[in-house]
Amino acid sequence: MTDVVVIGAGAAGLAAAHKLSQAGARVEILEARTRLGGRIHTVPSTDRFVPFELGAEFVHGTNHITWDFVRKGGFGVRKVLDEHWVYPPMCKQSEFWSSLETCIAGVNFNTPDKSFDQFLRERPSPCADEGLVRLFVEGFDAADTRKISSHSLKKASEDEGQDSKARLERGEGALIVWLETCSRNQGVGIQLNTRVRAIRWHAHDVEVVADINGSEATWRAPQVVITLPLGVLKANAVAFEPALPTETQSAIDGMEMGNVVKLVFEFDEAFWKHRLGAKNFGFIHSQFGPLRTWWSRPLAPILVGWVGGPQATEITDHIGVAERALKQLSDFAEVPLATVKTAMRQWRSHNWTADPLSEGAYSYVGVGNMDAPEKFRQPIDDTLFFAGEHTSDIANLGTVHGALQSGVRVAESVREMAF
Ligand SMILES: Cc1cc2nc3c(=O)[nH]c(=O)nc-3n(C[C@H](O)[C@H](O)[C@H](O)COP(=O)(O)OP(=O)(O)OC[C@H]3O[C@@H](n4cnc5c(N)ncnc54)[C@H](O)[C@@H]3O)c2cc1C
């Protein structure tokens, strides 16, 4: 028996536990993995100086909750070079953000919502760089343009300040370690390797049933914070008894889980330097190849390749993609493939699509479902509280700050009900 059980120890769960325990609640976190952080997954590179980010990497925008944590944690921060190249031919695109914004600004809130694909097809005057715009929505939003709500894209572009990006010097994992330390110091219990199977609930009385190495264990609390990823909710991997109310179920059905494939390569030397003018070139947006967006890390010869949306969903074999990606790099840099292969020290990735504890990368809004995140934010009988990136403001969906924001929001909401 405890005051609040939090399910999931990603950014949302840890932020909620931190804030709740600060307010004096006894909190227990149940996490299925053997590590904390969820879709934040920072691992060391060979020289251990620049970490590999297999999940979240960038701090987007100016969201005050994230920056408040960053300040309190004393993290070093580096701004990301906002330069964009388009291939082929390899040329710099200075109008990258403005051509995107102009296209998305054409979405009309006064007409019924439609998919972004339909919006592009029915637009009277075609968007300049339509290919680039589609690539961006598939890549950045991890979305299928045939499913994503065009209204949600416009709303996000109005609120977001997408072009502002930074990195934590010690990686996003440092934020998780800091939240963990604060939470533990405030008495939060964290159970790893504890996979929740069922949530049996009545008003102010919840039994959470979990699997620990094949044995069943039960926690009881008057309130539960559920930060299970949208993909896990969609897969019905956790049973709700009784079933969730129709409103919450319609939020689960109305949102989509997007996919991305992200491969991180570490090299002995920056063989691309001569072609792109610098070791750190910003971003390359490629019309061809298995990975459509590439970026560099400023302090080490590390390149990250990324593809999102339907193309990512189709990829099951990361090893095959890594091999083809090296050919892509030799084309970009105009150096022999052998040079790229010789320079490569190692590459890493995590298959988020095949991961049963995420079932995809991050969420987006389906057509006609702009109110879905808001529906998630409604407490159920003052007893079940949903948090996680998929419950944040539309502009913050699919981000770490959306997850942190949702954790802080849910903690306030539980406190209002309970203390
Ligand atoms: C490849 C990739 C790159 C990304 N890049 C960025 C980026 O650059 N910037 C950015 O802001 N965001 C990025 N994101 C998105 C960001 O990582 C997520 O939005 C955020 O981390 C989600 O946090 P969360 O707490 O909502 O969910 P999660 O981190 O997924 O936490 C949920 C937790 O629940 C656990 N869980 C699942 N099932 C169970 C169960 N049955 N029982 C108990 N526990 C369970 C999971 O293991 C997980 O730890 C990226 C995501 C991916 C996949």
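The lining of the second largest cavity in this predicted model is a mixed bag: 6 nonpolar, 4 polar and 1 charged residues. The full cast is F58, V59, H60, T66, V70, L168, E172, L175, T399, V400 and H401. As for secondary structure, β5 (59-60), α2 (64-73) and α15 each give two or more residues to this lining. The volume of the second largest cavity comes to about 70 Å³, and the overall count is 7 cavities of 30 Å³ or more. Rolling a probe the size of a water molecule over the atoms is what shows where empty space is left.

Turning to the ligand, 40 residues surround it, and E31, R39, F58, V196 and V400 are the closest. Two of these names, F58 and V400, also turn up in the lining of the second largest cavity. Sorted by class, the shell around the ligand holds 23 nonpolar, 11 polar and 6 charged residues.

A few polar contacts can be picked out. An N or O atom in the side chain of R39 sits 2.7 Å from an oxygen atom of the ligand. Backbone atoms join in too: a polar one of E389 is 2.9 Å from a ligand oxygen, while a polar one of A32 lies 3.2 Å from a ligand nitrogen. On its own the ligand has 1,000 Å² of accessible area, and the protein covers 98% of that. The elements that supply two or more residues to the ligand shell are α1 (11-22), β11 (195-202) and α15 (400-418). Helix α15 thus appears on both lists, for the ligand shell and for the lining of the second largest cavity.

Technical notes. Residues are numbered from 1 along each chain as its sequence is written. This is a predicted model: local features need pLDDT of at least 70, side-chain atom pairs count only at pLDDT 80 or more; totals for chains, interfaces and linings use all residues. Side-chain values use heavy atoms; hydrogens and water are left out. A residue is near a molecule or strand if one of its heavy atoms lies within 4 Å of it. A polar contact is a pair of N or O atoms within 3.5 Å; within protein, one must be able to donate a hydrogen and the other to accept it, and residues adjacent in sequence count only if both atoms are side-chain atoms. Accessible areas come from the Shrake-Rupley method with a 1.4 Å probe; for residues, only the protein chains shown count as cover. Helices (H or I, at least four residues) and strands (E, at least two) are DSSP runs, numbered from the N terminus. Ala, Val, Leu, Ile, Met, Phe, Trp, Tyr, Cys and Pro count as nonpolar, Asp, Glu, Lys and Arg as charged, and the others, Gly among them, as polar. On a 1 Å grid over the protein atoms alone, a cavity is a set of points where a 1.4 Å probe fits but cannot get out, and a pocket is an open set with protein on both sides within 12 Å along at least five of seven lines; lining residues have an atom within 4 Å of a point. Grid points are joined across faces, edges and corners, and a volume is the space filled by probe spheres set on the points.
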